[in-house]
Amino acid sequence: MQPIRTFNVSPSLPQRLEPLRKLAYNLYWDWNVETKDLFRRLDPDLWESSHHNPVLMLGTISQARLLEVVEDEGFLAQMDRAARQLEDYLQERTWYQKQRTSHSSNDKGQEYYAYFSAEFGLVDCLPVYSGGLGVLAGDHLKSASDLGLPLVGVGLLYQQGYFAQYLNADGWQQERYPINDFYNMPLHLERNPDGSELRIEVDYPGRTVYARVWRVQVGSVPLYMLDTNIEPNNPYDHDITDQLYGGDIDMRIHQEILLGIGGVRMLKALGYNITAYHMNEGHAAFSALERIRILLREEGLKFAEAKQVVASSNIFTTHTPVPAGIDLFPPDKILYYLGHYAEVFGLNKDQFLALGRENTGDLSAPFSMAVLALKMATSSNGVAQLHGVVSRQMFKGLWRNVPTEEVPIKAISNGVHAQSCVAKSTQELYDRYLGPSWSSAPPDHPIWERMDAIPDEELWRNHERCRLDMIVYVRERLVKHLKDRGASASEIAQAQEVLDPKVLTIGFARRFATYKRATLWMRDVERIKRILLGNKDRKVQFVFSGKAHPKDIPGKELIRDINHFIDEQHLEKQVVFVPNYDIHIARLMVAGCDVWLNNPRRPREASGTSGMKAAMNGLPNLSVLDGWWDEADYVRTGWAIGHGEMYDDPNYQDEIEANALYDLLEKEVVPLFYDRDVDGLPRHWIAKMKDAIQLNCPFFNTARMVREYAERAYFPASDRYQTLTANNYAPAKELAAWKENLTTHWYDIKIKDVEVSSGADIKVDQTVNVKAKVDLATLTNKDVQVELYQGAIDANGDIVNGVPVVMDYQGEEKDGLSIYTANIVYNTSGLQGLSLRVLPNHKDLSSPYEPRLIVWAQ
């Protein structure tokens with residue numbers, strides 16, 4: 001029976017408890033210990049059964065309990081304290097205000113940065129994320145709030161989200177898709193002034209799709225998410241926001257059109273004047289097309305002018321270290337869904353498709369979302385230093401003739417939000433000994449010198465409590481899983497005894513993609529069994545958790561193989577696979593394990609943030625030198641598997657690195673853990689724990705990461721946007737016209753002569769004078785920058801790790817040639833070389849590589 005009217009019924013609270021409502025609807029409670037304790041205190045069982053959802057709690061808690069706490073002075077005092085903390089947090093003077101208050105951009109009006117992501121992992125009661133990308137996006141918003149950035153999030157609100165995982169009796173992953181009840185989640189439905197739902201429209205072939213807007217308040221940062229599961233959409237369009245990464249290629253395009261194009265329209269409908277747009281992965285790259293369309297239709301700009309404005313204010317972060325991870329769409333699909341943009345832009349179909357192709361001459365090439373994002377952004381970055389190197393190698397074809405190391409894709413190393421991932425008791429320990437600012441203090445802050453002040457015994461006993469908490473929870477989750485599956489009484493009894501709270505515990509929890517090699521530890525059965533069980537006083541145990549994508553059969557096979565291995569080798573107590581990995585079990589594991597294991601195939605791990613979370617809790621990492629671990633102090637804060645080698649034969653690599661893992665466990669990890677003094681303390685292990693905290697916590701932290709995004713990306717992009725849009729877009733029009741003229745005449749530039757003062761043999765630190773004559777044709781010396789490029793010569797005869805030296809313009813000779821001079825020295829001996837190049841130069845360019853033009857001396 002369909003209702004004739006519907007009502008959104010809100011929790012009914014006594015007036016004295018109204019502060020609970022505000023606290024429940026702001027996710028600040030997730031990283032504020034006082035508030036989280038308050039909701040747990042209200043009803044501990046309901047807190048757990050609601051998946052830590054305070055909104056659902058307030059809607060289902062008994063009236064009797066509410067009346068009881070109204071009379072509880074201790075509870076009321078804690079509630080008032082938590083409410084004051086939230087108010088103080090929202091009002092405090094922030095890092096952003098200190099950086100930008102006097103900045104010229106603020107004289108031109110309020111700036112806002114929009115952060116687009118296909119998923120956001122914030123709390124476990126909002127299951128609209130799949131893994132590391134989403135949790136990183138959630139942590140990004142939390143730290144943006146901590147820093148006071150004027151940032152808004154843009155995403156999709158999935159009715160089913162990512163799947164809930166369970167295992168059948170054979171250990172094979174099965175998926176369930178619980179329906180998210182938006183009205184009992186910490187979500188606000190955005191409305192128009194007349195009370196009606198705020199809706200936006202997005203054009204798809206032959207129809208219009210409508211979406212309403214939900215808001216999640218993340219401290220001071222709003223996250224807006226689109227929902228198409230409404231009338232008058234047809235059933236197919238309801239499903240656009242049904243499952244994260246679900247459906248076929250057409251559904252993926254539908255979702256990415258909604259995220260990118262719908263996201264831009266939503267921000268406009270909400271009244272935001274966004275000055276910098278951040279695309280977290282290529283899923284939102286269609287946003288650039290919509291922004292160009294608006295500038296053409298509403299501001300009267302030409303395509304080149306609009307593209308200049310959009311690219312100058314776009315930031316793109318790639319998380320993909322392999323080409324197979326990039327969204328690629330067939331050209332006919334792009335033209336079918338988005339061909340009308342080509343007409344608006346005045347481009348033919350091949351010109352339009354070229355926006356998403358690296359090789360624009362290959363008319364059969366698929367349309368790459370990463371290439372579109374890179375072409376539509378003037379600030380791009382990878383998420384670790386090694387990933388930056390990999391990304392520059394992957395995408396160097398977009399900047400032809402630019403040395404790979406100078407391809408303008410920088411690296412901003414990922415971090416994690418400290419107060420979200422460090423266990424409550426551990427945070428309290430840091431508060432006592434380091435001070436309350438530990439979670440955002442930079443690496444050079446003197447508080448990190450106080451690590452030695454934490455008594456070894458106190459740190460160790462706290463960690464032992466965290467391990468026990470994790471084991472108790474793992475047992476409870478396994479028992480529930482087995483009961484749901486209809487397991488036997490003996491299986492359930494066995495699950496109640498898994499893991500030993502006194503044994504060295506190694507954790508491995510992440511997405512079960514094959515390159516992460518979740519079964520590498522099983523390669524030599526007898527050897528790993530000796531490590532696990534060989535010495536009754538030095539046992540080892542493993543805790544595994546994670547999901548494979550529903551369509552990733554090889555990933556599912558890894559999960560099944562682990563569970564088969566456990567059964568066949570009778571290791572049920574020593575090795576556990578915890579089903580339905582989520583934020584809550586992740587937080588327990590990174591705090592409760594003793595070692596964090598990660599063994600991907602280098603260099604396929606872009607970052608690997610779970611290891612950072614473990615380090616913040618004092619866990620040493622045991623990992624292949626990939627992602628973030630390659631740039632950490634892997635000697636003092638853990639152990640490196642291998643030395644960063646690359647292999648052509650995957651089977652040989654697995655053999656070598658499995659043996660390296662076993663050697664480290666047998667010779668270093670296990671002996672160090674069980675080396676106890678007369679007080680029963682592993683002093684050397686504790687010293688490694690302290691190093692893990694002191695050296696990793698302040699750097700691999702989103703407080704540092706988001707500051708870096710602000711200083712290196714948001715501030716410059718926002719300033720470029722405000723500069724280019726001033727005076728009715730006059731600077732943008734001038735820059736676009738300059739670029740057009742530059743491109744027309746660029747290939748007329750000729751480097752006529754290069755005179756070097758010295759012969760072929762010179763001394764280290766000897767000054768070499770260089771004079772160049774350049775024919776700039778119709779361009780002027782202000783249009784270009786002439787540089788020497790010097791460096792060592794490799795075996796192929798190429799300059800490697802070259803250093804540019806800007807040459808000085810000395811004027812024109814009578815024949816019209818421009819004269820440039822520079823002095824250089826070589827600081828090392830050996831075969832060295834130099835070349836000369838000409839690059840574009842304009843005050844409004846983000847970098848000289850933006851036009852993708854370069855001339856080298858022949």
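Let's start at a small enclosed space in this predicted model. Arg 510, Trp 596, Asn 598, Gly 608, Ser 610, Gly 611, Asn 621, Ser 623 and Trp 628 line the second largest cavity. That cavity holds about 30 Å³ of space. Three elements each bring at least two residues to its lining: the strands β18 (595–598) and β19 (621–624), together with the helix α24 (609–616). Sorted by class, the lining of this second largest cavity comes out as six polar residues, two nonpolar and one charged.

From here, move to the other cavity. A search of the whole structure turns up two cavities of 30 Å³ or more, and the largest encloses about 60 Å³. Around the largest cavity you will find Ala 118, Leu 156, Tyr 158, Leu 244, Tyr 245, Arg 252, Gln 255, Glu 256, Leu 259 and His 283. Which helix gives the most to this lining? Look at α10, residues 249–269, which contributes four residues to the lining of the largest cavity. If you are following along on the helix, a general point helps here. An α-helix has 3.6 residues a turn, so residues three or four places apart point the same way. As for the character of the walls, the lining of the largest cavity has six nonpolar residues, joined by two polar and two charged ones.

Now step back to take in the whole chain. The protein chain has 28 helices and 28 strands. Its radius of gyration is 29 Å, close to the 29 Å that the globule rule gives for 858 residues, so the chain is as compact as a globular protein of that length. Along the principal axes, the C-alpha atoms fill a box of roughly 95 × 70 × 50 Å. Take the contacts between residues at least 6 apart in sequence: 72% of these join residues at least 24 apart.

What share of the residues is buried? Of the 858 residues in the protein chain, 59% count as buried. On the outside, the chain exposes about 34,700 Å², and carbon and sulfur atoms supply 48% of that area.

For a closer look at burial, try helix α2, which spans residues 33–42. This helix is mostly covered, with seven of its 10 residues buried. The buried residues of α2 include the charged side chains Glu 34, Lys 36 and Asp 37. Thr 35, Leu 38, Phe 39 and Leu 42 of α2 are buried too.

Definitions and conventions:
Residues numbered from 1 in each chain as written. Predicted model: local features only at pLDDT ≥ 70, side-chain atom pairs only at ≥ 80, totals over all residues. Heavy atoms only, no water. 1 Å grid on protein atoms, 1.4 Å probe; cavity = no way out; pocket = protein on both sides within 12 Å on 5 of 7 lines; lining within 4 Å. Points joined across faces, edges and corners; volume = space filled by probe spheres on them. Rg over C-alpha atoms; globule rule 2.2 N^0.38 Å. Buried < 20%, exposed > 50% of the residue type's maximum accessible area, 1.4 Å probe, protein only. Contact = heavy atoms within 4.5 Å. Areas by Shrake-Rupley, 256 points an atom, 1.4 Å probe, with all protein chains shown as cover.
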